[in-house]
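Here are my notes on this one, as numbered points you can check against the coordinates. Shout if anything looks off.

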Amino acid sequence: VRERTEAVAVDPAARTVTLRDLATGTDEVLAWDRLILAQGATPIRPPIPGAWAPNVFTLRDIADADGLRTAAVG
């Protein structure tokens with residue numbers, strides 16, 4: 001978790017994301033294997049078939065992350 005930080009660029013080909021520290025204005029480029037963009041909004045499930053299936057997750061807090069981790073590990 002990086003507070004007061006925003007993603008300013010994502011390069012899928014290079015698998016990097018550029019983060020900007022809002023306090024200092026400095027940028028940092030990070031490499032990634034898998035990328036989750038969590039935009040800080042309240043998650044919603046669209047009104048489509050399957051949106052409430054047990055293998056569909058929303059992330060808002062640590063409990064949601066723990067549930068996702070448990071499902072991913074099996």
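1. Start at the hairpin of β1 and β2, where four residues sit between the strands and Arg 15 takes a positive phi near 55°. Keep in mind throughout that this is a predicted model.

2. The two strands of that hairpin run antiparallel and are joined by six bridges. One pair to click on is Ala 7, which stands opposite Leu 19 in β2.

3. Next comes the hairpin of β2 and β3, with five residues between the strands. Here it is Gly 25, in the turn, that has a positive phi, of about 80°. Strand β2 covers residues 16-21 and pairs with β3 in the antiparallel sense over five bridges.

4. For the register between β2 and β3, two bridge pairs are handy. Leu 19 has Glu 28 as its partner in β3, and Thr 18 has Val 29. So Leu 19 is a good residue to centre the view on: it faces Ala 7 and also has Glu 28 as a bridge partner. As a general reminder, side chains in a regular strand alternate between the two faces of the sheet.

5. Put together, the three strands give an open antiparallel sheet in the order β1-β2-β3. The edges are β1 (5-11) and β3 (27-31), each of which pairs on one side only. Neighbouring strands are turned by 25° against each other on average, ignoring direction.

6. Zooming out, the protein has one helix and three strands, and from the N terminus on the elements run β-β-β-α. How does the radius of gyration compare with the globule rule for 74 residues? It comes to 15 Å, well over the 11 Å from the rule, so the protein is more spread out than a compact globule. The C-alpha trace spans about 40 × 25 × 25 Å along its principal axes. As for burial, 8% of the 74 residues in the protein are buried.

7. Last item, the surface. Val 10, Leu 35 and Leu 37 make a nonpolar patch of about 240 Å². Leu 35 lies in the loop between β3 and α1 (62-73). Why does Leu 35 count as partly exposed? Its relative accessible area is 32%, and partly exposed is the class between under 20% (buried) and over 50% (exposed). That value also makes Leu 35 eligible for the patch, because patch residues need over 30% relative accessible area.

Note on methods: Residues are numbered from 1 along each chain as its sequence is written. This is a predicted model: local features need pLDDT of at least 70, side-chain atom pairs count only at pLDDT 80 or more; totals for chains, interfaces and linings use all residues. Side-chain values use heavy atoms; hydrogens and water are left out. Two strands pair if DSSP finds at least two bridges between them. Axes are lines fitted to C-alpha atoms, for helices over the stretch in contact, and angles run from 0 to 180 degrees between N-to-C directions. Patches are made of residues with over 30% relative accessible area and no salt bridge: like charges are joined within 9 Å, nonpolar side chains (Val, Leu, Ile, Met, Phe, Trp, Tyr) within 5 Å. Accessible areas come from the Shrake-Rupley method with a 1.4 Å probe; for residues, only the protein chains shown count as cover. A salt bridge is a side-chain nitrogen of Lys or Arg within 4 Å of a carboxyl oxygen of Asp or Glu. Buried means under 20% relative accessible area, exposed over 50%, partly exposed in between (1.4 Å probe, protein chains only). The radius of gyration is taken over C-alpha atoms; the globule rule is 2.2 Å times the number of residues to the power 0.38.
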